[in-house]
Amino acid sequence: EEGGEGGGGLPATAEEYMRMVAREARRIPDVVCVPIDPSKLLPGGAEVGLDTSLAPCDDSLQPSPAWEAAFLRHFDAVRARAAQGPPGGKAAQPAVKLPPAGDEQAWRQVWATHPPLLSTI
């Protein structure tokens, strides 16, 4: 029972993918949590630091304060929209039904009419 609705291959939609992931998750045993005894931890614990063997970044390559402020404003706006959930409380429907993974001609048609975003490639 792997893959899409028909059980024959990779999922064609996000919903099919989520159902496939849920089926796989049901087959995985539950996670076991063990209490940690603080007295058995090493002093200082594990520390992750900067790699000091790397050359320092040139100041001209650092983001400007104006860029950082604009980035943070944009990030805050995106986070606020995401926290509100989808408009009308309903999940967004896919713009196009995705073809089976092996159907190269169908995928060419999808990309010809709905070019992918650079972030999805």
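**Note on a three-helix predicted model**

1. The accessible surface of the protein chain comes to about 11100 Å², and carbon and sulfur atoms account for 63% of that area. The coordinates belong to a predicted model, and every value in this note should be read with that in mind. Of the 121 residues in the protein chain, 7% are buried.

2. As to secondary structure, the protein chain has 3 helices and 0 strands, and its pattern, read along the sequence, is α-α-α. Where contacts between residues at least 6 apart in sequence are concerned, 24% join residues that are at least 24 apart.

3. Helix α2 covers residues 65–84, and its length can be checked against the ideal rise. With 1.5 Å for each residue, the 20 residues of α2 should span 28 Å, and the C-alpha atoms at its ends are 29 Å apart, so the two values agree. The residue that follows α2 is G85, which has a positive phi, near 80 degrees.

4. Helix α2 also contains F71, which contributes to a nonpolar surface patch of about 440 Å² together with W67, L72 and F75. The relative accessibility of F71 is 42%, and it therefore counts as partly exposed; membership of such a patch requires over 30% relative accessible area and no salt bridge.

5. The structure holds 3 salt bridges, and the one between the side chains of E16 and K97, with an N to O distance of 3.9 Å, deserves a careful look, because the cut-off for a salt bridge is 4 Å. This pair links distant parts of the chain, since E16 sits in helix α1 (residues 14–27) and K97 in the loop between α2 and α3, 81 residues apart. The two partners also differ in their surroundings: E16 is buried, because its relative accessibility is 8%, whereas K97 is exposed, because its relative accessible area is 58%.

6. A salt bridge within helix α2 joins the side chains of R79 and D76, at 2.9 Å from N to O. R79 and D76 are 3 residues apart in that helix, which is about one turn, and D76 counts as partly exposed because its relative accessibility is 43%. An α-helix has 3.6 residues a turn, so residues three or four places apart point the same way.

7. In helix α3, E104 forms a salt bridge with R108, and the closest N and O atoms of that pair are 2.5 Å apart. E104 and R108 lie 4 residues apart in α3, again about one turn of the helix. Both ends of the pair are exposed: E104 has a relative accessibility of 52% and so counts as exposed, and R108 is exposed with a relative accessible area of 51%. Both values should be read against the cut-off, which places exposed residues over 50%.

8. Helix α3 (residues 104–113) also holds V110, which is buried, because its relative accessible area is 8%. Leaving aside residues up to four places away in sequence, V110 touches V96, P99 and P115. For one of these partners, V96, which is 14 residues from V110 along the chain, the separation of the C-alpha atoms is 7.8 Å.

How values were computed. Residues are numbered from 1 along each chain as its sequence is written. This is a predicted model: local features need pLDDT of at least 70, side-chain atom pairs count only at pLDDT 80 or more; totals for chains, interfaces and linings use all residues. Side-chain values use heavy atoms; hydrogens and water are left out. Patches are made of residues with over 30% relative accessible area and no salt bridge: like charges are joined within 9 Å, nonpolar side chains (Val, Leu, Ile, Met, Phe, Trp, Tyr) within 5 Å. Accessible areas come from the Shrake-Rupley method with a 1.4 Å probe; for residues, only the protein chains shown count as cover. Helices (H or I, at least four residues) and strands (E, at least two) are DSSP runs, numbered from the N terminus. Buried means under 20% relative accessible area, exposed over 50%, partly exposed in between (1.4 Å probe, protein chains only). Contact means heavy atoms within 4.5 Å. The expected span of a helix is 1.5 Å times one less than its number of residues.
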